[in-house]
Amino acid sequence: MDHGEEVGRVPSYTYFLDDETLDVQREAYGEFIAENGLGAGRAFKSLEVMTNDIKAMAKSLFNAPDDAGVSFTSGGTESVFMAVKTARDLARHKRGEPPERYNIVACVTAHPCLNKAGELLGVDIIRTPHTKEFRADPSLMRSAINDKTIMLFASAPNYPFGTFDPIAEIGKLAQHSGLRLHVDGCWGGFLSPFTERLGYPVPPWDFRVLGVSSLSADIHKFGYAAKGASLVLYRSADDQDHEAFSFSGWPRGTYSTPTFLGTRAGGAIASAWAVMHYLGMEGYLRAARLTMEATTRLIAGLNSIPDIECLAPYGESNLISFVSLDSALDIYAVADRLEERGWLRGRMREPQAIQQGVNPAHLATVEEYLSAVREAIEFVRRNASAPVAYDEHSY
Ligand SMILES: Cc1ncc(COP(=O)(O)O)c(C=O)c1O
């Protein structure tokens, strides 16, 4: 099986456009495999030049002001971690250390890396229920704000359902309440700017929304870079003073890093830079077109199968989840059967659903997958057994 075929059978984890783009990734990574982003400014000037170029491209892509700050990180988790650390340290700077922990208000659909950041940084995360359309509810978020709240957090889109939170409204709430707003565009950051240009109904989500203070976007997802590449942007570059870490209490002198990592893979920077230049606007538009074509065909095909139904994402993104409409049809049993046949499936707990992201590699497997789903449903109906429990290890 070649890489594209393999990717067509997994629900996420890897993002594939074509062999040529994979070669660009691989070659650039290989060229800089021994270089270290930690020494970008001093020892490895090419890495510094590439990083600055990536930052400039990102500012333009996400409509950030010219004087916005950008940091290159190792992935979505590190980008979100940095946004939380920055919000916490800014709050400490302005308000002083609180007697109780600060908190961040998000919708229940926010990615778990937000809680990871909260746990490590001593910040509580308050999650509010989603609406019937699987979006954050700004009025519930408003009610959850208290005097320890430092930031609102919104997804563009969220990973479970692929829907966008109402960021324009949440931006107004942030401005009105004097709070920061982080937009998690880790999944969609390198897809939405292009689907918007193609005419898909992408709600406002980037720095054009005035209340947005920071934004994360992963180049190693739909930017098609090698793993280890993401960005976090700040409307105000001054915020980055609170993102950085610096320590002088050891013999070697001052050690400073802009973000969490010390050593950073030079290959990840080089691969991101090379792929972004190789694809350019035209390449990313092509990738977005293929991705959305696969998504649309998969949704239409799944919805034409009796007794199952897709929940979202209303043309906004490339995440699909489908539920069983018949209480006698166990959707996890369908997932089990699909996995027996070599289709690794994501499982959602609430509601019980099969969930997956879509990328251009899925286009080649649409029909094969739809027949596999039909077969799996027939199989489950013929071999009805005890309900299948949610598999805690199926993420
Ligand atoms: C919306 C969202 N945020 C954050 C992340 C975390 O990204 P990473 O796995 O690169 O740390 C993901 C990963 O899928 C995501 O979908």
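# Close-up views of the predicted model

**View 1. A polar contact of 2.9 Å links the side chain of Arg-135 to that of Glu-133.** A second one, at 2.7 Å, joins the side chains of Arg-135 and Glu-316. Here a polar contact is a pair of N or O atoms within 3.5 Å; within protein, one atom must be able to donate a hydrogen and the other to accept it, and residues adjacent in sequence count only if both atoms are side-chain atoms. This is a predicted model: local features need pLDDT of at least 70 and side-chain atom pairs count only at pLDDT 80 or more, while totals for chains, interfaces and linings use all residues. Residues are numbered from 1 along each chain as its sequence is written, and side-chain values use heavy atoms, with hydrogens and water left out. To find Arg-135, look in the loop between β3 (124-128) and α6 (138-144); helices (H or I, at least four residues) and strands (E, at least two) are DSSP runs, numbered from the N terminus.

**View 2. Three residues of the loop between β3 and α6 are shown together: Glu-133, Phe-134 and Arg-135.** Arg-135 has a relative accessible area of 13%, so it counts as buried. The cut-offs are under 20% relative accessible area for buried, over 50% for exposed, and in between for partly exposed (1.4 Å probe, protein chains only). Its neighbour Phe-134 is buried too, with a value of 9%. Glu-133 is partly exposed, because its relative accessibility is 40%. Have a look at the backbone of Phe-134 as well: its phi is positive, about 65°, although Phe-134 is not a glycine. Most residues other than glycine have a negative phi. For a sense of distance, Glu-133 and Ala-56 are 77 residues apart in sequence and 35 Å apart in space, C-alpha to C-alpha.

**View 3. The ligand sits among 13 surrounding residues.** A residue belongs to this shell if one of its heavy atoms lies within 4 Å of the ligand. The closest are Gly-76, Thr-77, Asp-184, His-220 and Lys-221. In the side chain of Thr-77, an N or O atom is 2.5 Å from an oxygen atom of the ligand. Gly-76 brings a backbone N or O atom to 3.0 Å from a ligand oxygen, and a polar side-chain atom of Lys-221 also lies 3.0 Å from an oxygen atom of the ligand. On its own the ligand has 390 Å² of accessible area, and the protein covers 84% of this. Such areas come from the Shrake-Rupley method with a 1.4 Å probe; for residues, only the protein chains shown count as cover. By type, the shell holds five nonpolar, five polar and three charged residues. Nonpolar here means Ala, Val, Leu, Ile, Met, Phe, Trp, Tyr, Cys and Pro; Asp, Glu, Lys and Arg are charged, and the others, Gly among them, are polar.

**View 4. Helix α3 (residues 45-61) has buried residues on one side.** They are Leu-47, Met-50, Thr-51, Ile-54, Ala-58 and Leu-61. These residues cover an arc of only 100° around the axis, which puts them on the same side of α3; the arc is that of the directions from the helix axis to the C-beta atoms. Turn to the other side of α3 and you will meet Val-49 and Ser-60, which are exposed. The length agrees with expectation: at 1.5 Å a residue, the 17 residues should span 24 Å, and the end C-alpha atoms are 24 Å apart. The expected span is 1.5 Å times one less than the number of residues.

**View 5. Helix α11 (residues 366-382) also keeps its buried residues on the same side.** Among them are Val-366, Tyr-369, Leu-370 and Val-380. The buried residues of α11 cover an arc of only 155° around the axis, so they lie on the same side. The 17 residues of α11 should span 24 Å at 1.5 Å a residue, which agrees with the 24 Å between the end C-alpha atoms.

**View 6. Two cis peptide bonds are worth zooming in on: Ala-156 to Pro-157 and Glu-350 to Pro-351.** Most peptide bonds are trans. Omega is near -5° for the bond from Ala-156 to Pro-157, and Pro-157 has its place in the loop between β4 (149-155) and α7 (167-177). For the bond from Glu-350 to Pro-351, omega is near 0°. You will find Pro-351 in the loop between β12 (346-348) and β13 (353-357).

**View 7. Tyr-224 has a positive phi of about 60° although it is not a glycine.** Tyr-224 lies in the loop between β6 (214-218) and β7 (230-234). With a relative accessible area of 2%, Tyr-224 is buried.
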